[in-house]
Amino acid sequence: MLKKYNFSDTPIVEIVNDILYDASIRKASDIHFDPYDRFVKIRIRIDGTLIDYALVPNEYKQNLITRIKILSGMNITETRLPQDGAIKITIESEELDMRVSSLPTNLGEKVVIRIMDYKANMNGIENLDFNKQNYDKVIEMINKPSGIILVTGATGTGKSTTVYSILQRINHEDVNLITVEDPIEMDLPGVNQVQVNSEIGLTFASTLRSILRQDPDIIMIGEIRDSETAKIAVRASITGHLVLSTIHTNNSLTTIERLLDMDVERYLLATALSGIISQRLARRLCPHCMKKRPAKEYEREIFKKYLNKDINEMFYSDGCDKCNHGYLGRIAIQEVLLINEAIRDAINDSMPKEELRNLVYDKENAITLFQDGLMKVEQGLTSLEEVMRLIETDDIQMDEIETEGSNPEIIDEPVEYAAEKTTLEDVKPDDTFETLDI
């Protein structure tokens with residue numbers, strides 16, 4: 001159901017505040033303002049899925065975008081170039097911290113607001129859904145005095161949450177911890193945090209050179225984006241510093257390949273690399289309506305092949321008034337590789353990719369993302385359909401997965417509002433927008 005606003009009688013300030021507050025209490029991670037010919041469509045991302053939220057008539061579009069730009073400190077007169085900003089505001093005693101991005105399109109500016117949630121960062125790494133084997137590896141790698149630890153995954157997979165949780169763990173009074181970020185996502189007491197500004201030459205690489213002269217013990221780099229940053233980070237880690245960073249790769253093996261593609265010398269990478277944490281975020285099965293059903297033949301085969309386990313039952317959720325079509329919240333699926341001497345030698349000796357893959361994913365070295373996902377399916381934390389949707393496997397095709405008795409539907413609308421449903425297809429050129437006071 002689309003929420004409706006009375007744009008003619010309600011101040012735009014109140015409408016924007018209501019959108020921000022409502023998205024926050026619904027646990028949305030992002031708010032999208034998508035321009036169309038006759039309106040702006042607002043969508044919110046809940047548990048990783050975008051759902052339609054409201055329509056804004058074109059006559060009120062500029063007022064809406066201008067208000068967001070004012071809140072985020074953007075230039076309201078600039079509509080031809082992308083802009084970034086931030087909003088820190090308190091609405092109804094709710095403190096909101098958001099990042100804002102505007103992008104010029106052929107139909108007008110598209111604005112996306114990311115709602116920052118720091119609760120997970122403060123809960124500690126023991127609450128980040130690591131299985132025991134992976135958790136022990138993470139603790140071992142962060143306790144080393146030097147080396148580079150990489151957290152990998154696509155945008156929106158919780159890398160920042162993992163990085164900040166680790167920083168909370170290793171931030172002590174007797175260490176000098178410096179971060180270089182773009183942007184600074186969370187203020188950490190006792191940590192020296194540097195905001196990158198490429199317009200004045202304050203890049204990751206130039207900042208890192210200066211940081212190395214600041215007597216650091218631990219360095220956090222927000223993201224490794226280019227070969228220069230990668231080389232400096234690796235060299236910093238072999239000179240006695242613990243370096244923590246993120247990189248956009250899929251898993252441990254592709255992370256090693258990516259760093260080599262960035263012209264990092266093999267002998268340096270082999271020496272410097274301490275560990276790799278790869279992750280995805282899957283929708284969590286709703287605990288309020290979760291049930292069990294008999295496992296199907298293909299499900300038993302998958303668990304037997306990848307976990308060498310015999311299963312007879314599977315968890316699923318039908319959906320209830322407390323969840324979104326059977327899912328409530330998200331859970332991390334992780335792959336953790338602790339670099340050992342055999343892997344160091346393999347990297348240094350240019351071992352062929354297939355042999356390196358077999359070594360990395362030896363049962364003693366790394367539990368794959370898919371295997372960790374299956375473990376969480378077995379525990380009733382997520383569904384097999386979610387794991388299959390997120391993680392590629394070479395020999396299983398999604399069209400072979402039956403969905404009877406499970407609930408892999410894509411969320412396409414909020415369930416809280418009981419007003420008559422409005423879809424984009426229902427809006428005709430001569431239609432007027434029905435309004436409802438907020």
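What covers the buried residues of helix α10? Before turning to that helix, it helps to place it in the whole of this predicted model, in which the secondary structure of the protein comes to 14 helices and 15 strands. The protein has 438 residues, of which 49% count as buried, and among the contacts with a separation of 6 or more, 66% are accounted for by residues 24 or more positions apart.

Helix α10 spans residues 297-307, and its buried residues are Y298, E299, I302, F303, Y306 and L307. These residues lie on the same side of α10, because the arc that they cover around the axis is only 135°. An α-helix has 3.6 residues a turn, so residues three or four places apart point the same way. The cover over the buried residues of α10 includes two strands, β13 (290-294) and β14 (313-317), as well as two helices, α13 (369-378) and α14 (384-390). After α10 comes N308, a residue whose phi is positive, near 55°.

Two pairs of helices can be followed in a similar way, through their geometry and then through the residues that meet. Two packed helices are described by the angle between their axes and the distance between the axes. In one pair, helix α1 (residues 12-25) and helix α2 (residues 61-72) have axes that come within 10 Å and cross at roughly 70°. Since angles from 65 to 115 degrees count as roughly perpendicular, that crossing makes α1 roughly perpendicular to α2. The crossing in which α1 passes α2 is right-handed. On the α1 side, I12, V13, V16, I19 and L20 take part, and they meet N63, L64, R67, I68 and L71 in α2. Sorted by class, the residues in the contact of α1 with α2 are eight nonpolar, one polar and one charged.

The other pair is made of helix α4 (residues 132-142) and helix α5 (residues 159-170), whose axes come within 11 Å and cross at roughly 55°. With that angle, α4 is described as oblique to α5, and the crossing of these two helices is right-handed. Here the contact is made by Y135, I139 and I142 from α4, together with I166, R169 and I170 from α5. The residues of the contact of α4 with α5 divide into five nonpolar and one charged, with no polar residue among them.

Key
Residues numbered from 1 in each chain as written. Predicted model: local features only at pLDDT ≥ 70, side-chain atom pairs only at ≥ 80, totals over all residues. Heavy atoms only, no water. Axes fitted to C-alpha atoms, helices over the stretch in contact; angles between N-to-C directions. Helix = DSSP H or I, 4+ residues; strand = E, 2+ residues; numbered from the N terminus. Parallel < 35°, antiparallel > 145°, perpendicular 65-115°, else oblique. Left-handed = near helix turned anticlockwise from the far one by under 90°. Contact = heavy atoms within 4.5 Å. Nonpolar A, V, L, I, M, F, W, Y, C, P; charged D, E, K, R; others polar. Buried < 20%, exposed > 50% of the residue type's maximum accessible area, 1.4 Å probe, protein only. Arc of directions from axis to C-beta.
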